[in-house]
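Subject: Structure handover

Hello,

Here is the structure for you to look at. Please open it first, then read my notes below.

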Amino acid sequence: MRFRLGYVAMTLNLEDCSPSGTVTVSTLEKLGDEKARLYRLRKVASKNIANTMRILRYNKAYNIKVYRFTSKLIPLATHPMVRGWNYAEEFKKELKEIGDFVKENDIRVSAHPDHYTVINTNSPKVFNDSVLDLEYHVEIFKAMGLDDYKYKLVLHTGGLYKDKIASIERFKENFIKLPKSIANRIILENDDKSFTAADVLGICKDLKIPMVLDVHHHYCNNGGEQLDDMLEDIFETWQQEYFNPKVHFSTPKSEKDYRSHADDINAEEFMKFISSASYINQDIDVMLEAKNKDSALLKLSDELTGYGNVKRINEAEFEIL
DNA sequence: CCAAGTCAAGTCAGA
DNA sequence: TCTGACTTGACTTGG
């Protein structure tokens, strides 16, 4: 069994390289005219896009082939104040360059719209805003030339609204209402408070969409379910996909602050999961969520060489013997 | 230059 | 019905 490692959004090892620079609404409001606002937005977006390209080149140098884009690439993209700005057209060349690089190097990129995007909401306004946010993500992928077969958006199920069954049903009903261009991109992840891996697996099977397993979330929120009982079924949801099943992995910050992410990845715990998964003959990609981002990835990578049954193929790819 | 306070958005618990 | 926590990097402003 082989697995690859990836990380989220930002590298700690390049100077001044945030892809998530932004500008606040109040600052924009203080800039009186439209021209000044647009100038500011362009400047920030342009830097974010350039930094994303720098990060991808850096990733290539370290053989890191799994990466999550920031959702903040275009500042305030879906805010009413910015409506009408055709950022995709404006940065067409730069975005296409990113997409071409991704395809040339067969990098697995994704995005994770944040928790304000709620498909199973009761509120038409929240649903509408969520669609706008998803459209923004889709726009970016399209401008990059990255198709909906390979390149996905990871979402959570949403809120419980005091009735889990009804909330799951509403997720499915609302999912079906989404434009195909959005629905085709969506894959679901279990969360740390509301919807367990078994809940999400059920939804994914019904909707025939892949499920991202978050191991840490599972330990936060599981209703007594055992991972070993579900792993094969979870991987099965990826049967029709181009990429292998994706798993999120992070280490709890502390016993007291269990749900937060630690700085690094605990190699021992990581190997426990990998060993349990290795019984299934299925290669996977593991997205690491640690405060130390790619530094945590490289640290884990070094530590994994200490395990006798692990063969390191390169910095971010391994085989279990 | 540094530190403290703030940030577009949703949901939930608790007041 | 309303407020703060959640979580988090980066912006903004005050010193």
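Before the helices, one definition: axes are lines fitted to C-alpha atoms, for helices over the stretch in contact, and angles run from 0 to 180 degrees between N-to-C directions. Keep in mind that this is a predicted model.

**Helix pairs**

Two packed helices are described by the angle between their axes and the distance between the axes. There are three pairs to go through.

Start with H2 and H4. Helix H2 covers residues 34-61, and helix H4 covers residues 92-104. Their axes come within 10 Å and cross at roughly 15°. Angles under 35 degrees count as roughly parallel, so H2 and H4 are roughly parallel to each other. H2 passes H4 in a left-handed crossing. On the H2 side, the contact is made by Ile49, Thr52, Met53, Leu56, Arg57 and Lys60. H4 brings Glu94, Leu95, Glu97, Ile98, Phe101 and Val102. By class, the residues of this contact of H2 with H4 are 7 nonpolar, 1 polar and 4 charged.

Next, H6 and H8. Helix H6 spans residues 164-177, and helix H8 spans residues 197-207. The two axes come within 11 Å and cross at roughly 30°. H6 and H8 are therefore roughly parallel to each other. Is their crossing left-handed or right-handed? The crossing of H6 and H8 is right-handed. From H6, the residues Lys164, Ile168, Phe171, Lys172 and Phe175 take part. They meet Asp199, Ile203, Asp206 and Leu207 in H8. This contact of H6 with H8 has 5 nonpolar, no polar and 4 charged residues.

Last, H11 and H12. Helix H11 is residues 267-278, and helix H12 is residues 293-304. They pack at an angle of about 70°, with their axes 10 Å apart. Angles of 65 to 115 degrees count as roughly perpendicular, so H11 and H12 are roughly perpendicular to each other. Ala267, Phe270 and Met271 make the contact from H11. Leu300, Glu303 and Leu304 make it from H12. The classes in the contact of H11 with H12 are 5 nonpolar, no polar and 1 charged.

**DNA strand B**

Now the DNA. How many residues surround DNA strand B? There are 13, and the closest are Val25, Thr78, His79, Leu160 and Tyr161. Of the atoms of DNA strand B that come within 4 Å of the protein, sugar and phosphate account for 50%. Some contacts reach phosphate oxygens. A polar backbone atom of Val25 is 2.7 Å from one. For a polar backbone atom of Leu160, the distance to a phosphate oxygen of strand B is 2.4 Å. Thr121 uses its side chain: a polar atom there lies 3.3 Å from a phosphate oxygen of this strand. The surface near DNA strand B has 7 nonpolar, 5 polar and 1 charged residues.

**DNA strand C**

Which residues are around DNA strand C? Among them are Met10, Gly21, Thr22, Lys30, His261 and Lys291. Ser18, Arg40 and Arg259 are also around this strand. Of the atoms of DNA strand C within 4 Å of the protein, 100% belong to sugar or phosphate. Side chains reach the phosphates here too. An N or O atom in the side chain of Ser18 is 3.0 Å from a phosphate oxygen of strand C. For the side chain of Arg40, the distance is 3.0 Å. A polar side-chain atom of Arg259 lies 2.8 Å from a phosphate oxygen of this strand. By class, the residues near DNA strand C are 2 nonpolar, 6 polar and 4 charged.

Best wishes

Definitions and conventions: Residues are numbered from 1 along each chain as its sequence is written. Chains are lettered from A and ligands numbered from 1 in the order in which they are written. This is a predicted model: local features need pLDDT of at least 70, side-chain atom pairs count only at pLDDT 80 or more; totals for chains, interfaces and linings use all residues. Side-chain values use heavy atoms; hydrogens and water are left out. A residue is near a molecule or strand if one of its heavy atoms lies within 4 Å of it. A polar contact is a pair of N or O atoms within 3.5 Å; within protein, one must be able to donate a hydrogen and the other to accept it, and residues adjacent in sequence count only if both atoms are side-chain atoms. Ala, Val, Leu, Ile, Met, Phe, Trp, Tyr, Cys and Pro count as nonpolar, Asp, Glu, Lys and Arg as charged, and the others, Gly among them, as polar. Helices (H or I, at least four residues) and strands (E, at least two) are DSSP runs, numbered from the N terminus. Angles under 35 degrees count as roughly parallel, over 145 as roughly antiparallel, 65 to 115 as roughly perpendicular and the rest as oblique. A crossing is left-handed if the near helix is turned anticlockwise from the far one by less than a right angle, and right-handed if clockwise. Contact means heavy atoms within 4.5 Å.
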